[in-house]
Amino acid sequence: MREMVLTEEQIYSACERIGDRITEDLRNDERIPVLIGVMKGGVPFMMDLIKYINIPIMMDFIQVSSYSGTSRSREIKLVKDLTYDIEGRTIILVDDVVDSGHSLLYLVNHIYEHYKPKKILTCALFDKVNAREADIKVDYCGKILNENKFLCGYGLDYYEVYRNVPYVFVPDTEELGEIENYLRFKKE
């Protein structure tokens, strides 16, 4: 039985709350801020979040790789870099979940070093505070999770499966086994 973590309605409510805060916080920025979606998992969240930001914004995307299945890899690789010049602009990095914080810290350091933004704010649908290993904070958060459970749905995946589910849940071991069997069958 799936454990529900956030329903569609709760996700939209979180997007509205965060969008209102971003609107208020950045209303008087002298340059248009840039939201940077962390691919692939952060894309659904960012696409819904921008509907609730009522100031002009720009968007770009960046992608790193650090996961394989349910386990986290220590090695972080930049897969896709930014396409715009963001020097001097306020940046909001938008991701699905922050757990250890290593990927987010990598991205913040990478962007400061290569792009010279005015400042970087962080935004995540989930903040797994008890899983944090890196010294990084989440400025805008949809929901704080005290337990470090594996999440699927709404951009969060298991071997690229479940990203299209419109809510967030904890898959049971039977579901994960079915995905593994299906993937094994497809390889043969």
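**Notebook: salt bridges and helix α1**

I looked first at a group of charged side chains and found K40, D157, E160 and R163 linked in a network of salt bridges. I note that the model is a predicted one.

**Entry on the salt bridges**

I then looked up the total, and the structure holds 13 salt bridges. I followed three pairs in turn.

I began with E175, which forms a salt bridge with R2. The closest N and O atoms of this pair are 2.5 Å apart. I located E175 in helix α4, residues 173-187, and R2 in the segment before β1. The two residues are 173 apart along the chain, and the pair therefore links distant parts of it. I checked the accessibility of both partners. E175 has a relative accessibility of 12% and counts as buried, because the cut-off for buried is under 20%. R2 has a relative accessible area of 33% and is partly exposed.

I turned next to K118, which forms a salt bridge with E30, with 3.3 Å between the closest N and O atoms. K118 sits in the loop between α3 (102-115) and β6, and E30 sits in the loop between α1 and β2 (34-39). This pair also links distant parts of the chain, 88 residues apart. I recorded K118 as partly exposed at 39% relative accessibility. E30, at 59%, counts as exposed, since the cut-off for exposed is over 50%.

The third pair was K80 and D60, whose side chains meet in a salt bridge at 4.0 Å, N to O. I placed K80 in strand β4 (residues 71-80) and D60 in strand β3 (residues 58-68), so the pair ties together parts 20 residues apart in sequence. K80 counts as partly exposed at 25% relative accessibility, whereas D60 counts as buried at 4%.

**Entry on helix α1**

I moved on to α1, which runs over residues 8-26 and has 19 residues. From its first C-alpha to its last, α1 reaches 27 Å, close to the 27 Å expected at 1.5 Å a residue.

Which residues of α1 are buried? I listed I11, A14, C15, I18, G19, I22, T23 and L26. These residues lie on the same side of α1, because they cover an arc of only 165° around the axis. On the other side of α1, I found E9 and E24 exposed.

Finally, I asked what the buried residues of α1 pack against. Their partners are the helix α2 (43-49) and the strands β1 (3-6), β5 (90-98), β6 (119-128), β7 (140-145) and β8 (168-170).

Definitions and conventions: Residues are numbered from 1 along each chain as its sequence is written. This is a predicted model: local features need pLDDT of at least 70, side-chain atom pairs count only at pLDDT 80 or more; totals for chains, interfaces and linings use all residues. Side-chain values use heavy atoms; hydrogens and water are left out. Helices (H or I, at least four residues) and strands (E, at least two) are DSSP runs, numbered from the N terminus. The expected span of a helix is 1.5 Å times one less than its number of residues. Buried means under 20% relative accessible area, exposed over 50%, partly exposed in between (1.4 Å probe, protein chains only). The arc is that of the directions from the helix axis to the C-beta atoms. Contact means heavy atoms within 4.5 Å.
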